[in-house]
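I opened my notebook to look around a structure that is new to me. Come along and keep the picture beside you while I jot things down.

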Amino acid sequence: MIDANALRSACLDFNGATEEFPFSQNPDVSTFKVGGKIFALTTLTARPLTVSLKCEPELAERLRAAHPEVRPGYHLNKRHWNTVSLDGGLPDRLVLDLIEDSYDLIVAALPRTQRLRLDWPGQR
């Protein structure tokens, strides 16, 4: 099961990824960004631990239908974001793949020069 430390590590392992706490009203909310854009949003101290991730709309709907741990993004565009419960109900590999997919969606939308600086595999 992915815990807060593993989640933070997974998000920060990507090229150019940073962690910020931008919400003064909610100082425990951690955002993981690349190129200044959020690809993961969580409260690492929350129980159960959840993470909101960007997702292709069609895949987002399929994941929600197949897994009760995947819900429409909390306080986010529900078409493009899922909130995933990390309570052990999903395989770790699936969670890690969803984090990577979210990162890739954000990087793909960045200007070409930023993508090249990140040495993003999708750019090659």
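Which residue of strand 6 is the bridge partner of S52? I looked it up, and the partner is T83.

**Ground rules.** I am working with a predicted model, in which local features need pLDDT of at least 70 and side-chain atom pairs count only at pLDDT 80 or more, while totals for chains, interfaces and linings use all residues. Residues are numbered from 1 along each chain as its sequence is written, and side-chain values use heavy atoms, with hydrogens and water left out. For helices and strands I follow DSSP runs, numbered from the N terminus (helices are H or I with at least four residues, strands are E with at least two).

**Entry 1: the sheet.** I started with pairing, where two strands pair if DSSP finds at least two bridges between them. Strand 4 (residues 50-54) runs antiparallel to strand 6, and 5 bridges join the two. Strand 5 (residues 70-72) is also antiparallel to strand 6, through 3 bridges. I noted that T83 turns up again here, as the bridge partner of R71.

Next I traced the whole sheet: it is open, has 6 strands in the order 1-2-3-4-6-5, and its pairing is antiparallel. Strand 1 (18-20) and strand 5 stand at the edges with a single partner strand each, so one side of each has no neighbour in the sheet. Neighbouring strands are turned by 25° against each other on average, direction ignored (axes are lines fitted to C-alpha atoms, for helices over the stretch in contact, and angles run from 0 to 180 degrees between N-to-C directions). At the strand 1 edge, 3 bridges lead to strand 2 (residues 29-34), and E19 has F32 as its bridge partner.

**Entry 2: is strand 6 buried or exposed?** I call a residue buried under 20% relative accessible area, exposed over 50%, and partly exposed in between (1.4 Å probe, protein chains only). In strand 6 (residues 81-85), 5 of the 5 residues are buried. W81, T83 and S85 are covered on one side, N82 and V84 on the other. In a regular strand, side chains alternate between the two faces of the sheet.

**Entry 3: helix 2.** I found P57, A60 and L63 to be the buried residues of helix 2 (residues 57-66). They lie on the same side of the helix because they span an arc of only 120° around the axis, taken from the directions from the helix axis to the C-beta atoms. The face turned away carries the exposed E61, R62, A65 and A66. Strand 5, strand 6 and helix 3 (92-108) are among what covers the buried residues, with contact meaning heavy atoms within 4.5 Å.

**Entry 4: cysteines.** I searched the whole structure for disulfides (cysteine sulfur atoms within 2.5 Å) and found 0. The nearest cysteine sulfur to that of C11 belongs to C55, 15 Å away. C11 is buried at 0% relative accessibility, and C55 is buried at 6%.

**Entry 5: aromatic rings.** Rings of Phe, Tyr and Trp (its six-membered ring) pair with centres within 6.5 Å; planes under 30 degrees apart are stacked, over 60 edge-to-face, the rest tilted. I counted 3 aromatic pairs. F14 and F39 are edge-to-face, with centres 6.0 Å apart and planes at 90°. F14 sits in the loop between helix 1 (4-12) and strand 1, and F39 in strand 3 (residues 37-43), so the pair ties together parts 25 residues apart in sequence. F14 also stacks with Y103, at 4.4 Å centre to centre and 15° between the planes. Y103 is in helix 3, 89 residues from F14. My last note is that F14, F39 and Y103 form one aromatic cluster.
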